[in-house]
Amino acid sequence: MDHLLHLVHVKILAADLLSLTIQHTSPPAFLRCDRTVARAELVGIVVSRDRREKFLSFVIDDGTGCVPCILWLNHQYLNASTSSGPSEFDPTAEMALKMSEEVRVGTLLRVRGKIATYRGAIQITVRDVVVEKDPNSEVLHWLQCVRLAKECYDLPPPSAQGGT
């Protein structure tokens, strides 16, 4: 399972996300209980929003902490190729603009994206945004995070368990 954890959007609380261990490699790696975590899913309220020409930055508060998020609006940046192939953040400019319209202060959102750092602080480079219409979705997300931490994320890596 350890080798697959970095491939999924890990449901995580802000406090846990912000306490990940940062390995200063290129690109940076983020560890939780010695497991690499690359993508995250958060549910929370938008508490600030700053729209610029090329990006929208906003902060999500889930009750355990506040996570800065960035949604790139300029398609050329999103479509830049890397040595590992096309960027995974490749929505069209139109899709990014539509998602940015959903981000309003006071709105309950589900945000998924890649974990990154900016000026030494953890942030989410947003892949997608969904407005949550059910106010219970935040509490359900908390419960899922606690269950998944206990059953999956916080287990010792397989090599520490005897190589299963």
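Which residue in strand 11 is the bridge partner of Cys-69? The points below answer this and go through other features of the model, which is predicted.

1. **Strand 7 and strand 11.** The bridge partner of Cys-69 in strand 11 is Ile-124. Strand 11 covers residues 121-131 and runs parallel to strand 7. Two bridges join these strands.

2. **Strand 6 and strand 7.** Strand 7 also pairs with strand 6, and here the strands run antiparallel. Strand 6 spans residues 55-61 and strand 7 spans residues 66-72. Seven bridges hold this pairing. One residue to look at is Val-59, whose bridge partner in strand 7 is Pro-68. The two strands form a hairpin with four residues between them. Within this hairpin Gly-63 takes a positive phi, near 95°.

3. **The aromatic pair.** The count of aromatic pairs comes to one. The rings are those of Phe-55 and Trp-72, with centres 5.6 Å apart and planes at 65°. Angles over 60 degrees count as edge-to-face, so this pair is edge-to-face. Phe-55 sits in strand 6 and Trp-72 in strand 7, so the contact ties together parts that are 17 residues apart in sequence. Is Phe-55 buried or partly exposed? Phe-55 counts as partly exposed, because its relative accessible area is 22% and buried means under 20%.

4. **The three-stranded sheet.** Strands 2, 3 and 4 make an open sheet in the order 2-3-4, with antiparallel pairing. Strand 2 and strand 4 (35-36) are the edge strands, and each of them pairs on one side only. Three bridges join strand 2 to strand 3. Ile-22 has Phe-30 in strand 3 as its bridge partner. Two bridges join strand 3 to strand 4. There, Leu-31 stands opposite Thr-36 of strand 4.

5. **Side chains of strand 3.** In a regular strand, side chains alternate between the two faces of the sheet. In strand 3, Ala-29 and Leu-31 point one way. Phe-30 and Arg-32 point the other way. All of these residues are buried, Arg-32 included.

6. **Two hairpins and a cis proline.** Five residues form the connection in the hairpin from strand 2 to strand 3. The loop between strand 2 (21-23) and strand 3 (29-32) holds Pro-27. The peptide bond from Ser-26 to Pro-27 is cis, with omega near -5°. The hairpin of strand 3 and strand 4 has two residues between the strands. Cys-33 lies in that turn and has a positive phi of about 50°.

7. **Arg-119.** What is the sign of phi at Arg-119? Phi is positive, about 55°, although Arg-119 is not a glycine. The residue lies in the loop between strand 10 (108-118) and strand 11. Arg-119 is exposed, because its relative accessible area is 76% and the cut-off for exposed is over 50%.

8. **Helix 4.** This helix covers residues 93-102, and its buried residues are Ala-96, Met-99 and Ser-100. Why can these be said to line one face? Seen down the axis of helix 4, they fall within an arc of 105°, so they line one face of the helix. In an α-helix, residues three or four places apart point the same way, because there are 3.6 residues a turn. On the other side of helix 4, Glu-94, Lys-98 and Glu-101 are exposed.

9. **Glu-101 and Leu-56.** Glu-101 belongs to helix 4. It counts as exposed, because its relative accessibility is 52% and exposed means over 50%. Glu-101 and Leu-56 are 45 residues apart in sequence. In space the C-alpha to C-alpha distance between them is 9.8 Å.

10. **A nonpolar surface patch.** Val-139, Leu-140, Trp-142 and Leu-143 make a nonpolar patch of about 360 Å² on the surface. Leu-140 is found in helix 5, which covers residues 137-153. Leu-140 is partly exposed, with a relative accessible area of 45%.

Notes. Residues numbered from 1 in each chain as written. Predicted model: local features only at pLDDT ≥ 70, side-chain atom pairs only at ≥ 80, totals over all residues. Heavy atoms only, no water. Pairing = 2+ DSSP bridges. Buried < 20%, exposed > 50% of the residue type's maximum accessible area, 1.4 Å probe, protein only. Patch = residues over 30% accessible without salt bridge, like charges linked within 9 Å, V, L, I, M, F, W, Y side chains within 5 Å. Areas by Shrake-Rupley, 256 points an atom, 1.4 Å probe, with all protein chains shown as cover. Salt bridge = Lys/Arg side-chain N within 4 Å of Asp/Glu carboxyl O. Phe/Tyr/Trp six-rings, centres within 6.5 Å; stacked < 30°, edge-to-face > 60°. Arc of directions from axis to C-beta.
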